[in-house]
Amino acid sequence: MENIIEVKKLKKVYSMGKEEVYALKGIDLTIKKGEFCSLLGKSGSGKSTLLNMMAGLEKPTEGSVIIDGKPIESLNENAVTRIRKHYIGFIFQSYNLLPSHTALENVMLPLIFNDMPKKQRIEKGKEILSAVGLGDRYYHKPNQMSGGQQQRVSIARAFVNNPSIIFADEPTGNLDSKTENEIMDLIVKMKQTYDQTIVMVTHDEETSKHADRIITIKDGFIEDIQYSGGKKNENKD
Amino acid sequence: MKNIDLAGMATSNLKRRKSRTLLTIMGIVIGTISIVLMVALGLGMKETFSQQLDQVGSINIIEVSKSEDSTASTRLAEQTDNKLKDIDIEYFKGLEGVEAVSPVLQTNIKLVSGKYEMSASLIGLEPDKMNAFSFDIDTGRLLTDDDENVLLLGGKLPSSFTEAVESNTRGSAPKNNARGFGFGGMKPTEEEETLNVDVFNDRISMTLDTKYSPQKGTTQTQYNIYRVNAIGVLADGDMTRDRNAYMNIHALEQLLEDYSEADGTTLEDGYDKAYVKVYDLDYCDPIESLLEQQGYETTSYASFVETLQSTTDMLQVALGAIGAIALLVAGIGITNTMIMAIHERKREIGVMKVIGATLMDIRNLFLLEAAIIGFFGGAIGILLSVLASQLLSSSGFSQMAMGGGGGKGMSPLSAFSFSIPSWLIIIGLIFTTLIGIISGYIPARKAMKSSALEAIKTE
C-alpha cells in the first residue's frame, strides 16, 4: 500500500525561557493509505505535538513530514493551508464548531473554502449529516445539541471534503463512555465507507483499540507499535 | 473562497453583532455627515461668492489714478498736480494686455425732480468705450459722442429719489414712499415698488451743489442748475455701477469748466482717473504692479477676488479638517470594533484556518467586514447630509436663521448655502469605504497572523 504520511527523524524543541524542552526526540513513522492508526500516550508524551506537525500546524525543529510525497515542513503557511484544504480533515476534542452557524453551515464550511457552488454544498452537507445520523438536525445550532451530536457534526465536517487523511485529537475526550463508543463506531464506520486514513491521538487505551495500529508514544519517542485487529467487531450489534 | 461566499460570510458576521455594527456605522455616519456638510458648506459659500462676483461685471477693469506721493515715483512727464494727462492715457493704451482705456472725470451731483431729490456720483467717460467696458443696458441706450446734457443712470438710481428734507428746523426724516424696507434692510421687490420719479419723462435738474435743496434753491452763485434727461438705465445688480450716473466726458468737462469760471479758479487740465480694461483677469496683477512701479495708484477687483478666493479656500480647508477629524475618530472606531471582533472570534479564525481557509480568505473576510461598515456608514451619512443640506438651505430655514429677514426677494442662499455635487457623493462613498478598509487592515493582519494552533487548543 501507498505511504500517505512519512515522518523522518522528527524533533521538536520548545524553548521555555532558558530551558529547552524536548517534546519529540526523533520520530520515524510511516502511515499507509487507508490505515487507522492511533497515537497513544500520556499527557506530555508528545503525541499531540506529533499530530500537529503531521497536520502542518506546527513546524518541526528537525526532520521532515511528507504528505502524499510532498514535504511540508519547509512550506509557508499559505502553502500548508492549501495542502490541508485538499488532504486533511480535523476532528477536535472540543468539537470546535462555529457557535453561530447551524449544523449544516458548519459542515459546509470546508466546501466554501474549496469554492464549491452553494447548491452542491447544501446537497453534500445534508448527505453527510444524514450519514452521521443527524438527518433531523440540519438547522440546529451547536448549543442546541448534545456533546455527542456536536461531535457527529464535527465528524461530518471532517469527512465532507473527502480528504485523504483525517486527524482526530482526543475525539472522545469530552464524552461519556456510552457516547464515546457510539462516536468511535461512527468514526470506524465512516472510515470504511469513505475509505479514509485516520490518525487519532488518545490517552485512553480502550479508545486506541479501535485502531488498526496503536503507536505508543512516551517522552518524545515511539515506545511501542502494536497491530490490533481493531476493536470494531466487538461493539458491532 | 468565492467572492460571493466571502460577502455572504462577512454580512452574516456583521448581522450577528448587530448593535455593535450599528454603533460603529453610526460613528462613520456622523463623521461623514460632518465632513460632507462642511465641504458642502464651503462649496456653497464659494458658489455664493462667485455669484456675487458675477454681479461685478467690471471685474477686469483697473482704476488708475496718480499717486498722492509723487516724489517717490518716476514719472513719464514732469507734473505737479494729481491729474492724469493724455500722455498717461496713451501710455496705458500701449501696455500689453490692455483692451481699452477711458479717461474718467468724476464729481458729485444732486439730482432734483419736483419735491424728490437724490445724490449721486457723476462719472464722465468716453462714450465710444462704453461697450468695451461692458455696460449692460436695461432700458434706453448707452451714451454716444453727440450726447451732452444727458445721463445714463446706474441700475439703482431711478428708484433712489426720495422726498427732500424740507428744512433743518422741521427735522423730519426723509420719507420714501412705498419703499417698505425689510427687517434686515433688504431691498424691496420689484412689484412693491412705485417710482417717485419717471426718469425718462419727468423734468430733472442737476447741480454740482451737493447742498442744493429744491425749496431753498442754491445759495452759491457759482453753481449752475442744468436741465438733464436720462437716456438709459443700466441693468441692476452691478454693485460698482448701481449708484453712479454716467455722462459724456466732454460734456462733463464743460460743466466743470463752467464751474471753475464762475468760481474764479482755473480748472486743472487732465483727468481724475482712468479705467483700464484688460483682456483677462490674469493680466490684472502684472499690469497693476507695473503701474504702481511707475507711480500710479491702482484699484481693481482682481485683488479682492483673490482675497475672497483664498478666504473661501481656507475656510473650506478648515471646515473639511473638522470633518476629517470626526471621520478619523470614526475610523478608529472601526479598528476598535474589528479588533474586538477578532479577539472574540479567535477560535473561529483558528478553526477556519485548520479546515482550509487560506490567509487571504481570512484577511479578505475582515477587510470586507470593515469596508462594509465604512460603505454603509458613508452611504447613510451622505443621504442624511443631502437631506440636512436641503432642510438648511430651504428658504424657510434661512429666513428663520436671518431673524425673520426680509421678504420674498431675498436670496435663500445668503444664509446657509450648501452644495453637494455628485462628485462629492461618489468621492464620499469611496472615501468612507477606503477608511473602512484602512481601519480594518491592522485587525485583518492580526487575524491572518494569529496562530491556528493556539486558537484551537483545548483550554
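In the predicted model, Tyr95(A) is located in the loop that joins β6 (88-91) to α3 (103-113) of chain A. The phi angle of Tyr95(A) is positive, about 65°, although the residue is not a glycine. Most residues other than glycine have a negative phi. Tyr95(A) has 21 other C-beta atoms within 10 Å and is therefore classed as buried, the threshold being 20 or more.

A positive phi is also found for Asn162(A), again a residue other than glycine, with a value near 50°. Asn162(A) belongs to the loop between α5 (147-160) and β7 (165-169) of chain A. Its surroundings were assigned by the same kind of count: Asn162(A) is partly exposed because 13 C-beta neighbours fall inside 10 Å, a number between the limit of 12 or fewer for exposed residues and that of 20 or more for buried ones.

The strands β6(A) and β7(A), which border these loops, are part of an open sheet of six strands in chain A. The strand order is β6-β7-β8-β3-β9-β10, and the pairing is mixed. At the edges stand β6 and β10 (221-227) of chain A, each of which pairs on one side only. With direction ignored, the average turn between neighbouring strands of the sheet is 20°.

Two helices of chain A were examined against this sheet. The helix α5(A) packs on the sheet through contacts with β6 and β7 of chain A, and its direction makes about 175° with that of β6(A). Helix α1 (residues 47-54) of chain A lies across β3, β7, β8 and β9 of chain A. Relative to β8(A), α1(A) runs at about 150°.

Within the sheet, strand β3 (residues 36-40) of chain A stands between β8 and β9 in the strand order. Its pairing with strand β8 (residues 197-202) of chain A is parallel and comprises five bridges. In this pairing Phe36(A) is opposite Ile198(A), and Ser38(A) is opposite Met200(A). The pairing of β3(A) with strand β9 (residues 213-218) of chain A is likewise parallel, with four bridges; here Cys37(A) is opposite Arg213(A).

In a regular strand the side chains alternate between the two faces of the sheet. In β3(A), Phe36(A), Ser38(A) and Leu40(A) point one way, while Cys37(A) and Leu39(A) point the other way. Residues on both sides are buried, and β3(A) is accordingly mostly covered, with five of its five residues buried.

In chain B, helix α6 (residues 301-344) consists of 44 residues. The distance from its first C-alpha to its last is 63 Å, close to the 64 Å expected at 1.5 Å a residue. Buried residues of α6(B) include Ala302(B), Leu319(B), Gly323(B), Leu327(B), Ala330(B), Gly331(B) and Ile334(B). Thr337(B), Met338(B), Ala341(B) and Ile342(B) are also among the buried residues of α6(B). An α-helix has 3.6 residues a turn, so residues three or four places apart point the same way.

The contact between the two chains involves 19 residues of chain B and 23 residues of chain A. On the chain B side, at least two residues each are supplied by α1 (3-16), α7 (346-354), α8 (359-393) and α11 (452-456). The largest share, five residues, comes from α7(B). By residue class, the side of chain B that touches chain A contains nine nonpolar, three polar and seven charged residues.

Notes. Residues are numbered from 1 along each chain as its sequence is written. Chains are lettered from A and ligands numbered from 1 in the order in which they are written. This is a predicted model: local features need pLDDT of at least 70, side-chain atom pairs count only at pLDDT 80 or more; totals for chains, interfaces and linings use all residues. Two residues are in contact if their C-beta atoms, placed from the backbone, lie within 7 Å. Ala, Val, Leu, Ile, Met, Phe, Trp, Tyr, Cys and Pro count as nonpolar, Asp, Glu, Lys and Arg as charged, and the others, Gly among them, as polar. Two strands pair if DSSP finds at least two bridges between them. Axes are lines fitted to C-alpha atoms, for helices over the stretch in contact, and angles run from 0 to 180 degrees between N-to-C directions. The expected span of a helix is 1.5 Å times one less than its number of residues.
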